[in-house]
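Visitor: Please take one part of this structure and look at it closely with me, and afterwards place it beside other parts that can be described in the same terms.

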Amino acid sequence: MRTQARVVVIGGGVVGCSVLYHLTKMGWSDVMLLERSDLTAGSTWHAAGGFHTLNSDTNMAALQGYTIRLYRELEEITGMSCGLHHVGGVTLAADRDRLDMLKAERAKHRYMGLETEIVSPEEIAKLAPVTNVDGILGGLYDPLDGHLDPSGTTHAYARAARMGGAEIVTHCMVRETNPRGDGTWNVVTEKGTVHAEHVVNAGGLWAREVAAMAGLYLPLHPMEHQYIVTDDLPEIYERSAEHPHVMDPAGESYLRQEGRGLCIGFYEQTCRPWAVNGTPWEFGHELLPDDLDKIEDSIAFAYRRFPVLERAGVKTVIHGPFTFAPDGNPLVGPVPGMPGYWSACAVMAGFSQGGGVGKALAEWMVEGEPENDVFAMDVARFGDWTGPDWTRLKVTENYQRRFSISYPNEELPVGRPLETTPAYGIWDAQRAVFGSGYGMEHVNYFAPEGAARLEEPTFRRSNAFDIVGAECRAVREAAGINEIHNFGKYLVHGVHAVDWLNRIMANRVPEPGRIALTAMLSPRGKIIGDFTMMRLAPDTVQLTASYSAQAFHMRWFMKHQEDGASIRNVSKKLIGFQIAGPNARAILAAATGADCSTDAIPFLTVRRMAIGHIPVTVARVSYTGDLGYEIYCDRDHQVALYRALSGAGAGQGMRPFGMRAMMSLRLEKSFGSWMAEYRPDYTPAETGLDRFISFRKNDFIGRDAALAERDTPPQRHLTTLIVDADDADVVAYEPIFDGAEVIGFCTSGGYAHFSRKSVAIGFLPTDRISDGAEFEIEILGQRRRAVVHQTPLFDPQALRMRG
């Protein structure tokens, strides 16, 4: 066994073997995998082996498509069989909302190049004849769905990795993982110690235990899962072709052919977390005791949907654990705060996602960043606010919702509220309807007396539509107050703080007292952050960005930190409010007693002030696109600040507004949003953020790539469109048509209440963008006329925002 390696992968399931193979594929041969037992021991060996492309995140769907295509390559490389069965699959819709969801997914697939189709009940009956289509409205057919041999596929990955120079050591228990202080690791095993530059935790069922060796907590938990294999059925073995997969969300089941019979698995509501106190090291090749009582209701429903099952004998019951993250997506990437330590865990759908996980992690490690945006599975999407109890609750919720409809406006209740600000009680008393992001509660809107304090989940306009419209009009016609705690906030301080930021950020750090907007770029010139820089002092800059990207951004900051520049995350300590609207200046002046004229506080400036006895930082900027101010204070002063502002605004028509109104107001200015218009798949020149790049700086990360795009403009660009919508607006990823051709896609959209327009923002070929150009956007299966509108709907000359 080697005593030194560039990479040590811990865990010999399908994910660990995929990571190992992809590292060798990218040219790293000094890599090894350590497995405590045999390859596949854990959850891999008893997996049902299904694969599919359906995923609500388009990049995850693309990675799943890559995984499925990879299997043929593995077979060709190794000469081994993965036991592939490309039989296709259909997901059933038994109600309008489910059909709306499938139509929305089909729309995404159009520009992704996936050949899925909406099919009728009659077509489903022909495709999958064991299905009782009574009550079925339609379905989504995917010809790429199928299943494989889990053991054969894992060993094919392993052989391909060995062919690339990798070493695999089985029956080698890892005892410790110890950082050496230089970013490298000692991996202590029962057969000796390996010194590694990188450690990859692909521990599967034991990922928690492997993480704990490094003093790390990862938010994942195993759940019991059960599926049944039937005896031979003539309805199956007498067919001339293999029966396709059938996903029945109403019955929380998936069904496929297994040999001459059927295999059916369930995601039952009466589910159980497994190994709450830790996974036993001696577990591996065992199954859990059969527990058909737990799935009794699910089986009864399956008998109605697939009547052939009622007379089928049971050949085998497979009951074993699988690991899940709180949102169901994997935990992948470099662990924040732990140089050289990588996660490849919680890959619940290993045979749909394992190849893509291996590819992304290998690219990240070898080249410094993955080819595509993988934030949906980035381990940094969870922060230090997670813990075992919260994780178990959310994992259970996710398991129960495995086949539930994911609505764009839905807020899941379990594990909430977790983190709140001092203003939470103030908003609660005013009938706030809360949402949650990155563990923190925020106000979505305020329900009037007599209205339900719950937004109905829907793909169409919800019961909050008119309420949000009233909040928008209050901001535009008088003034609104909104909390600004859900920005990520960082203080950069030191003698070299400005120099460091000028290397990290694409724009130049502004002069003291000024504000500048900027992109933060990867070496390839991709957008990894959109920031506001506030120069508080010659050696101090406050940064604000997306609240949900805190760990993501801090990981980047720490990776590039230099002497003379300290970076502190103050997102929870530095909070406050924004006030916006035509009366905002009068409210601030009344609250401060100071001169708040444009001469005193011009647009894009920042001032230290006092509101009563409360020290505050006032920034003349607003995401509403209106006259507005962001007012920051210490967490301990927030309630007092609210009372002062509320008193000053009482005679000015000021009312609170939530995030639903905020996101409507920003559409009227075509302002982009993190992970919608600005994400690591896109570049500044494509999105318009290039206007916030200072090319006069000769040394900032991503400069060469951004300069190349400036000299050779991209072929696509963001633009705004006005949509002739009905009762549903653009959400994201809807295809944009020019005749029969899909030429672009939407990044976000919604209803701009003050302007009374349905708005979409999306990518179109640059040469087709012109005011008045007409296209069509597919919304819930219907094509709606959409017209390019390049001038902001509100305050097009920015007179109010800047005045």
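Guide: A residue is called buried when its relative accessible area is under 20%, exposed when it is over 50%, and partly exposed in between, with a 1.4 Å probe and protein chains only. Strands (E, at least two residues) and helices (H or I, at least four residues) are DSSP runs, numbered from the N terminus. The model is a predicted one, in which local features need pLDDT of at least 70 and side-chain atom pairs count only at pLDDT 80 or more, while totals for chains, interfaces and linings use all residues. Residues are numbered from 1 along each chain as its sequence is written, and side-chain values use heavy atoms, with hydrogens and water left out.

The part I would choose is strand S13, residues 221–230: ten of its ten residues are buried, so the strand is largely enclosed by the rest of the structure. In a regular strand the side chains alternate between the two faces of the sheet. Here His221, Met223, His225, Tyr227 and Val229 point one way, whereas Pro222, Glu224, Gln226, Ile228 and Thr230 point the other way, and all of them are buried.

The pairing of S13 comes next, where two strands are said to pair if DSSP finds at least two bridges between them. Strand S17 (residues 314–324) runs antiparallel to S13 and is joined to it by ten bridges, with Ile318 of S17 standing opposite Tyr227. Strand S16 (residues 261–266) also pairs with S13 in the antiparallel sense, over four bridges, and there Phe266 of S16 stands opposite Gln226.

Strand S34 (residues 735–738) can be read in the same way, being joined by four bridges to strand S35 (residues 741–752), with the two running antiparallel. Phe745 in S35 is the bridge partner of Pro735. The two strands form a hairpin with two residues between them, and Gly739 in the turn has a positive phi of about 65 degrees. S34 pairs as well with strand S37 (residues 774–779), in the antiparallel sense and over two bridges; in that pairing Ile736 stands opposite Ile777.

A sheet of six strands follows, open and with mixed pairing, in the order S29-S30-S31-S28-S22-S32. Its edge strands, each pairing on one side only, are S29 (606–611) and S32 (654–656). On average, neighbouring strands of this sheet are turned by 30 degrees against each other, direction ignored; axes are lines fitted to C-alpha atoms, for helices over the stretch in contact, and angles run from 0 to 180 degrees between N-to-C directions. Within the sheet, seven bridges join S28 (residues 574–580) to S31 (residues 628–634), the two running antiparallel, and Tyr632 in S31 is the bridge partner of Gly576. Helix H16 (residues 638–649) packs on this sheet, touching S22 (479–483), S28, S29, S30 (614–619), S31 and S32, and its direction makes about 10 degrees with that of S28; contact here is taken as heavy atoms within 4.5 Å. Phe577 has its place in S28 and, at 0% relative accessibility, counts as buried. The C-alpha atoms of Phe577 and Tyr632 are separated by 6.7 Å, although the two are 55 residues apart along the chain.

A helix pair can be set beside these strands. The axes of H1 (residues 14–25) and H9 (residues 350–367) come within 8 Å and cross at roughly 40 degrees. That angle makes H1 oblique to H9, since angles under 35 degrees count as roughly parallel, over 145 as roughly antiparallel, 65 to 115 as roughly perpendicular and the rest as oblique. The crossing of H1 and H9 is right-handed, the near helix being turned clockwise from the far one by less than a right angle, where anticlockwise would be left-handed. H1 contributes Val14, Val15, Ser18, Val19, His22 and Leu23 to the contact, and H9 contributes residues including Phe351, Gly354, Lys359 and Met365.

Finally, His553 lies in helix H14 (residues 550–559) and counts as buried at 1% relative accessibility. Leaving aside neighbours within four places in sequence, His553 is in contact with Tyr490, Met520, Ile528, Gly529, Phe531, Ala545 and Trp674.
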